[in-house]
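Colleague: Please take a close look at one part of this model, the place where two helices pack side by side. I would like to know how the two lie against each other, what makes the contact, and what surrounds it.

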Amino acid sequence: MITITPEEITQFRSQLADSPEALAALDAIEECKGNLEAAAQLIAVETTDTEVSLRGDSNYLDNLAQKLSKIICQKEFDDLMTEVLTAAIATLAASGNIPVALATPVVIYVAKIGKKQFCETAKPES
């Protein structure tokens with residue numbers, strides 16, 4: 001389980017101040033006491049049309065990140081991950097065709113475990 005601290009949430013808030021959707025995602029993460037997995041599931045239910053069957057899916061966030069790994073693991077995405085994460089979130093949302101609010105915990109998750117490590121273990125869907 002990947003969690004972020006209240007201090008990290010505060011840092012992300014200042015980085016993502018210009019993105020209302022990302023701030024809403026941070027609210028959800030805060031509501032889930034920093035648990036990115038729980039927050040991603042909550043956001044998925046709130047932002048996607050399909051009623052996502054999340055009961056018992058303790059790997060929803062990782063599975064979503066894996067589906068988006070073709071985008072995340074591109075060389076161009078490195079630069080986005082080292083700067084303010086707003087660009088990485090916007091790019092992932094647009095390229096992956098997912099809501100910005102849902103891209104937010106994915107980018108934070110990848111940033112937390114490390115993009116290099118994530119991409120070494122990623123299993124992109126073919």
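Modeller: Helix 3 and helix 8 are roughly antiparallel to each other, because their axes cross at roughly 160 degrees and an angle over 145 degrees counts as roughly antiparallel. This is a predicted model, and what follows should be read as such. The two axes come within 8 Å of each other, and the crossing in which helix 3 passes helix 8 is left-handed. On the side of helix 3, the contact is made by L36, A40, I43, A44 and T47. Helix 8 contributes A101, L102, P105, I108 and Y109. By class, nine of these residues are nonpolar and one is polar, with no charged residue in the contact.

The spacing of these positions can be set beside the helical repeat. An α-helix has 3.6 residues a turn, so residues three or four places apart point the same way.

Helix 8 itself runs over residues 100–113. From the first C-alpha to the last, its 14 residues reach 20 Å, close to the 20 Å expected at 1.5 Å a residue. Ten of the 14 are buried, so helix 8 is largely enclosed by the rest of the structure. The buried stretch comprises A101, L102, A103, T104, P105, V106, V107, I108, Y109 and V110. A101, L102, P105, I108 and Y109, which touch helix 3, are thus listed among the buried residues of helix 8.

The two ends of helix 8 can be taken in turn. Ahead of it, the loop that comes from helix 7 (85–96) holds N97. N97 has a positive phi of about 55 degrees, although it is not a glycine, and its relative accessible area of 70% makes it exposed. After helix 8 comes G114, where phi is also positive, near 100 degrees.

Helix 3 covers residues 36–47. Its end C-alpha atoms are 16 Å apart, which agrees with the 16 Å that its twelve residues should span at 1.5 Å a residue. Buried here are L36, E37, A39, A40, Q41, I43 and A44. Of the residues that meet helix 8, L36, A40, I43 and A44 appear in that buried set. The buried residues of helix 3 do not pack against helix 8 alone: helix 2 and helix 4 (60–67) are also their partners.

In the loop between helix 2 (20–31) and helix 3 sits K33. Its phi is near 55 degrees, a positive value in a residue other than glycine, and K33 is exposed at a relative accessible area of 74%.

Helix 4, one of the partners of helix 3, contains N63. At 36% relative accessibility, N63 counts as partly exposed. From N63 to A103 the separation is 40 residues in sequence and 13 Å in space, C-alpha to C-alpha.

Helix 2, another of those partners, also packs with helix 1 (residues 6–15), the axes coming within 10 Å and crossing at roughly 170 degrees. That makes helix 1 roughly antiparallel to helix 2. In this contact, I9, F12 and R13 of helix 1 meet L23, L26, D27, I29 and E30 of helix 2. Here the residues divide into five nonpolar, no polar and three charged, while the contact of helix 3 with helix 8 has no charged residue.

Notes:
Residues numbered from 1 in each chain as written. Predicted model: local features only at pLDDT ≥ 70, side-chain atom pairs only at ≥ 80, totals over all residues. Heavy atoms only, no water. Helix = DSSP H or I, 4+ residues; strand = E, 2+ residues; numbered from the N terminus. Expected span 1.5 Å × (residues − 1). Buried < 20%, exposed > 50% of the residue type's maximum accessible area, 1.4 Å probe, protein only. Axes fitted to C-alpha atoms, helices over the stretch in contact; angles between N-to-C directions. Parallel < 35°, antiparallel > 145°, perpendicular 65-115°, else oblique. Left-handed = near helix turned anticlockwise from the far one by under 90°. Contact = heavy atoms within 4.5 Å. Nonpolar A, V, L, I, M, F, W, Y, C, P; charged D, E, K, R; others polar.
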